[in-house]
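User: I'd like to learn how to read the packing in a model like this one. Can you walk me through it, starting with the core?

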Amino acid sequence: MLQHFVMEARPAYLTTYTRNPRILRMIGRVSGAIYPLVDDPMLRDMAAGMNGASMRDVAYHLDRYGEDGLFHGGDPADGSVEANGVSLRQRYQELASVRNALVIAARVRRNG
């Protein structure tokens, strides 16, 4: 679905809020660089300018979700982007709270 959107709309950048590594992997299939996985100054500034963004170690949307978080059951932030990698919760300090999300900015590859 994202690949279809990129082919049709041809955006230069994608932005979102998430604590789910699957979303980062999905964006990675159409992206050349994803902040905060890559500390790209332009993407960092784009993320910092997003609605509700707060800069800590990286850009977060603090208190984006309710007291119980977005998910009932397992928290996707316990997963990692890479196979056998460090979980998002361990990698990004503010994800210790289920209420917080990463702010993501990605540069879309020209060939989608």
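Analyst: Sure. A nonpolar core is a set of buried Ala, Val, Leu, Ile, Met, Phe, Trp, Tyr and Cys residues joined through side-chain atoms within 4.5 Å. Buried means under 20% relative accessible area, exposed over 50%, partly exposed in between, with a 1.4 Å probe and protein chains only. This is a predicted model, so local features need pLDDT of at least 70 and side-chain atom pairs count only at pLDDT 80 or more, while totals for chains, interfaces and linings use all residues. Residues are numbered from 1 along each chain as its sequence is written, and side-chain values use heavy atoms, leaving out hydrogens and water.

User: Which residues of the largest nonpolar core touch the most other members?

Analyst: In general, nonpolar side chains tend to be buried together in soluble globular proteins. Here the largest core has 29 residues, and Leu14, Ile27, Leu88, Tyr92, Leu95 and Leu102 touch the most other members. Helices (H or I, at least four residues) and strands (E, at least two) are DSSP runs, numbered from the N terminus. Among the elements that each supply at least two core residues are α1 (2–9), β1 (13–18), α2 (21–28) and β5 (101–108). The largest share, seven residues, comes from β5.

User: How do I read one helix, and which residues of α2 are buried?

Analyst: An α-helix has 3.6 residues a turn, so residues three or four places apart point the same way. In α2 the buried ones are Pro21, Leu24 and Ile27. They cover an arc of only 120 degrees around the axis (taken from the directions from the helix axis to the C-beta atoms), which puts them on the same side of α2. Counting contact as heavy atoms within 4.5 Å, these residues pack against α1, β1, β2, α4 (88–91) and β5.

User: And the polar side: which side chains does Asp75 join through polar contacts?

Analyst: A polar contact is a pair of N or O atoms within 3.5 Å; within protein, one must be able to donate a hydrogen and the other to accept it, and residues adjacent in sequence count only if both atoms are side-chain atoms. Asp75 sits in the loop between β4 and α4 and is buried, with a relative accessible area of 13%. Its side chain has a polar contact of 2.6 Å with that of Arg19 and one of 2.4 Å with that of Arg89.

User: What caps the N-terminal end of α2?

Analyst: That's Asn20: a side-chain oxygen lies 2.8 Å from the backbone nitrogen of Arg22.
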